[in-house]
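Work through these exercises with the structure open beside you. Try each task before you read its solution.

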Amino acid sequence: MACIEKLLLRGIRSFGPEDRDEAKLKFCMPLTIILGQNGCGKTTIIEALKYATCGDMPSNCNQGAGFVHDPKLCNCTEVRAQVKLQVRDLKGKLLVIARSIQTTQKAKKLQFKTIDQTITRKDQAGQDVSISGRCADIDAEMCIALGVSKAILNSVIFCHQEDSHWPLDEGKKLKERFDLIFETVKYNKCLDNVKLQRSVLSSDIKMNLKELENLEERKKEVAEKKSRLSEEEGRMNVIQDRVAEYENELGPIKKRMGELVSREMDISRLITERATKSATLKAIQSSISEYEQGITSEFQGSLEELKLAIQNFKSQFSQQESKLEGLQAELSREHEEEQRLTRLINSKQMMLGQLTRDQEQNCERVQQRNKALSALSEQLQLSSNVLTEGDVVRSLGSIERAIRAAEADVESLRESGEENERVLQEKIDSLREEKTKLEQSRRLKNQLIHNNKEDTKKLKLEIDEVNQSTEKLNRLQKQLEKVQKSADDLNKAVDSEQMEKDIKDSETRRDKWEDELAVLDKEVRQLQEISQLQTELNIQKDAKALKEAEIRKLKNKTEDSLLHLLGNIPETGIKHQLQSCIDRLAHDMRTKQSKIVEKQRQLTTLEADRKHLREKHKEKTRVLSQDQEELYDACENRDYEAVLADVTSQLLVAQDDKGTLKASEFMFGRYVEKLKRDDPCCPLCHRGFQEVQESQELITELEGRMQGLPRMIEEKERELEQLQERQSRLQQLRPTYQRISKLKNEEIPALQSQIEATETRLEATRQELTTLQTDLVGPQT
């Protein structure tokens with residue numbers, strides 16, 4: 001059985017956070033009784049046991065902040081508390097649970113935070129093994145170690161006295177509490193799981209029974225099929241024997257048929273080859289005629305002259321390329337000049353913004369100076385003379401004229417640079433077109449030369465093949481004559497009637513074969529026509545492939561640029577689309593450059609405004625700090641109105657005390673004069689003295705008091721002077737107090753909001769400028 005042995009409390013409710021305030025409790029077996037007066041911490045012990053085992057805070061502790069010792073009681077801003085409990089688990093092993101929490105005093109409320117939760121056990125070697133709350137559920141581990149659920153710990157074992165009436169709650173809440181204690185939900189889930197498993201198993205059994213029936217039926221079908229297979233195998237053996245006999249009989253026939261078929265195939269092959277060669281020859285002749293028709297201007301000269309012409313074309317092409325490179329270098333120089341002018345414009349614009357800001361500051365300072373002089377003139381009752389600003393205005397006018405002149409010069413330089421750039425771009429475009437035409441012409445001529453060489457080689461090879469075919473035909477003709485001669489010799493030696501009969505049979509077979517040969521000739525002609533068409537188609541495909549290869553090569557070379565500029569690679573009208581794209585990009589570049597200049601001008605103005613506002617804010621903050629320090633020196637971190645009221649009341653009290661002391665001095669002097677007369681009496685009650693000594697004693701007492709009055713009056717006068725000085729100083733600080741209130745509540749927040757708005761606009765302008773510059777880089781590259 002699990003049991004609780006020791007409890008350590010530090011910084012919990014009434015138990016202080018220091019080591020000397022630490023409380024250690026040892027629990028006895030089988031019963032421990034806790035006695036004490038109200039407020040001594042009995043309930044705190046039960047709450048600490050509940051928190052150590054379950055991790056739940058009491059319901060009345062402000063989410064844990066009230067469970068920790070109040071920081072105000074120990075004059076600190078932070079209190080760390082710890083609850084450490086030593087128990088023995090169900091197996092009798094020692095276990096220590098430690099939970100550390102912290103409360104921090106903020107401006108308006110307490111902040112509660114859980115620092116650490118650990119469980120420490122002893123392993124088999126006797127070493128301490130700890131588990132942190134970061135890698136395990138401490139509450140679940142404690143419930144497993146104690147052998148009870150969290151609901152029983154909360155509602156039964158460590159039930160708070162405020163929650164002890166839960167058995168008297170309404171039926172629904174009571175049922176929920178009993179369900180948690182007896183774990184009814186888990187029990188119902190277990191029953192549902194058992195029912196589900198039972199239904200799954202019953203369905204599996206039914207399926208297995210059905211599958212068993214199907215397997216038995218299949219077993220019967222297999223036995224029947226095996227019996228039929230044996231019968232069919234016997235029949236098949238008989239049929240195979242008959243087939244072997246028929247094959248033996250057909251052997252000589254197949255041999256003779258094979259010989260005839262081979263001869264027929266040789267003849268057909270020769271005829272087909274002849275037709276194919278003739279068709280190829282015709283196709284080559286037609287190709288040569290088409291090539292001759294396709295040549296617009298035939299080069300009249302030798303091969304050496306053609307090579308020399310090609311070399312001259314290459315030299316001219318290289319000269320044009322060098323000229324194009326020079327123009328491109330000149331264009332790059334113009335671009336650099338344009339960038340330099342753009343930087344010059346930006347610097348001038350920045351200078352313009354700086355001068356504008358300085359002018360605004362100067363005007364503001366002049367206004368402040370005029371206001372201060374006017375106020376001083378009014379205070380001194382002098383005539384206020386308005387100061388002239390003619391010199392300043394004239395100098396500012398000359399500066400503005402110089403700026404406008406510089407802007408006009410920059411604008412003229414920019415326009416001239418754009419005009420030069422446009423002229424150079426037109427030259428480059430024309431040179432590129434010329435270069436493209438020359439390259440295309442050179443490639444076409446090279447391709448024609450290459451095709452002519454290839455066609456010449458093919459014609460030579462085909463002519464050689466035709467010559468070889470002619471030789472083969474002559475050899476076959478000689479063999480045919482020999483066969484015909486041998487046939488004549490055989491006719492002489494053979495019976496004529498039998499021979500005529502054989503001839504008729506042979507003629508019948510010949511007619512049959514001629515009919516078949518006519519069909520074959522027709523098919524051969526069709527095949528020859530198909531072959532011719534296929535040859536022409538191949539030629540056209542080769543020409544098309546060459547053209548497509550050239551187009552593909554050109555497109556591959558400029559694919560990235562075309563995709564970047566046009567979005568796709570058009571099949572026709574590339575030049576027109578490229579020119580449209582270039583014009584559009586040039587227009588976009590000019591528009592974006594003008595926008596960039598405008599944004600840079602706005603950026604310069606906003607930066608100048610922000611700098612001016614920051615300086616103004618800094619000045620206001622400095623004035624506020626100085627005024628606050630001056631007011632703090634006078635009021636010592638107290639409210640100005642309260643301090644002034646206190647000083648005024650103290651001044652009135654000091655004035656009353658001073659008057660009282662002076663009146664006392666005067667009255668005591670009068671009393672002494674009356675007492676020194678003959679037959680004196682009491683000045684207040686007019687009672688006579690029985691003895692002279694009594695009047696002397698009263699005189700001595702009054703004179704003794706009168707001796708201390710001058711010193712007291714002098715002290716009161718010094719105190720009164722100090723209070724008057726302080727009152728005067730506080731009254732002089734009233735404008736400072738009003739200025740602090742105005743700066744803190746009106747002027748500085750307004751400046752801060754203006755600075756934030758300016759920074760927001762500045763950031764938006766920078767982002768727009770960055771976007772425009774990024775968009776401008778794309779077309780330029």
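A residue counts as buried under 20% relative accessible area, as exposed over 50%, and as partly exposed in between. Keep these cut-offs at hand. The model is predicted.

**Exercise 1. Take stock of the chain**

Task: State how many helices and strands the protein chain has, and what share of its residues is buried.

Solution.
- Step 1: The protein chain has 13 helices and six strands.
- Step 2: It contains 781 residues, and 21% of them count as buried.
- Step 3: Turn to the surface. About 56,800 Å² is exposed, with 52% of it supplied by carbon and sulfur atoms.
- Step 4: Look at contacts between residues at least 6 apart in sequence. Of these, 66% join residues at least 24 apart.

**Exercise 2. Check a helix and find its faces**

Task: Test the length of helix α4 against the expected span. Then decide which of its residues are buried and which are exposed on the other side.

Solution.
- Step 1: Helix α4 covers residues 171-182, which makes 12 residues.
- Step 2: The expected span is 1.5 Å times one less than the number of residues. For α4 that gives 16 Å.
- Step 3: The end C-alpha atoms of α4 are 16 Å apart, so the two values agree.
- Step 4: Leu-174, Asp-179 and Ile-181 are the buried residues of α4.
- Step 5: Viewed down the helix axis, these buried residues fall within an arc of 165 degrees, so they line one face of α4.
- Step 6: On the other side of α4, Lys-172 and Leu-180 are exposed.
- Step 7: Move just past α4. Glu-183 has a positive phi of about 55 degrees there.

**Exercise 3. Find the partners of α3**

Task: List the buried residues of helix α3 and name the helices they pack against.

Solution.
- Step 1: Helix α3 covers residues 150-157, and its buried residues are Ala-151, Leu-153, Asn-154 and Ser-155.
- Step 2: The buried residues of α3 pack against α1 (42-54), α2 (138-146) and α4.

**Exercise 4. Follow one strand residue**

Task: Is Ser-100 buried or exposed? Which residues does Ser-100 touch, beyond those up to four places away in sequence?

Solution.
- Step 1: Ser-100 sits in strand β4, residues 94-105.
- Step 2: Its relative accessible area is 17%, so Ser-100 is buried.
- Step 3: Leave out residues up to four places away in sequence. Ser-100 then touches Ala-81, Gln-82, Thr-114, Ile-115 and Asp-116.
- Step 4: Take Gln-82. It is 18 residues from Ser-100 in sequence, yet their C-alpha atoms are 4.4 Å apart.

**Exercise 5. Classify the aromatic pair**

Task: The structure holds one aromatic pair. What geometry do the rings of Tyr-51 and Phe-67 have?

Solution.
- Step 1: The ring centres of Tyr-51 and Phe-67 are 5.8 Å apart, and their planes are at 65 degrees, so the pair is edge-to-face.
- Step 2: Tyr-51 belongs to helix α1, while Phe-67 lies in the loop between α1 and β3 (78-88), 16 residues away.
- Step 3: Both Tyr-51 and Phe-67 are buried.

**Exercise 6. Spot the unusual backbone**

Task: Where does a cis peptide bond occur, and what is the phi of Arg-13?

Solution.
- Step 1: Recall the background. Most residues other than glycine have a negative phi, and most peptide bonds are trans.
- Step 2: The cis bond joins Met-29 and Pro-30, with omega about 0 degrees.
- Step 3: Pro-30 is in the loop between β2 (23-26) and α1.
- Step 4: Arg-13 has a positive phi, near 45 degrees.
- Step 5: Arg-13 lies in the loop between β1 (3-10) and β2. Its relative accessible area is 24%, so Arg-13 is partly exposed.

Technical notes:
Residues numbered from 1 in each chain as written. Predicted model: local features only at pLDDT ≥ 70, side-chain atom pairs only at ≥ 80, totals over all residues. Heavy atoms only, no water. Helix = DSSP H or I, 4+ residues; strand = E, 2+ residues; numbered from the N terminus. Buried < 20%, exposed > 50% of the residue type's maximum accessible area, 1.4 Å probe, protein only. Arc of directions from axis to C-beta. Contact = heavy atoms within 4.5 Å. Areas by Shrake-Rupley, 256 points an atom, 1.4 Å probe, with all protein chains shown as cover. Phe/Tyr/Trp six-rings, centres within 6.5 Å; stacked < 30°, edge-to-face > 60°.
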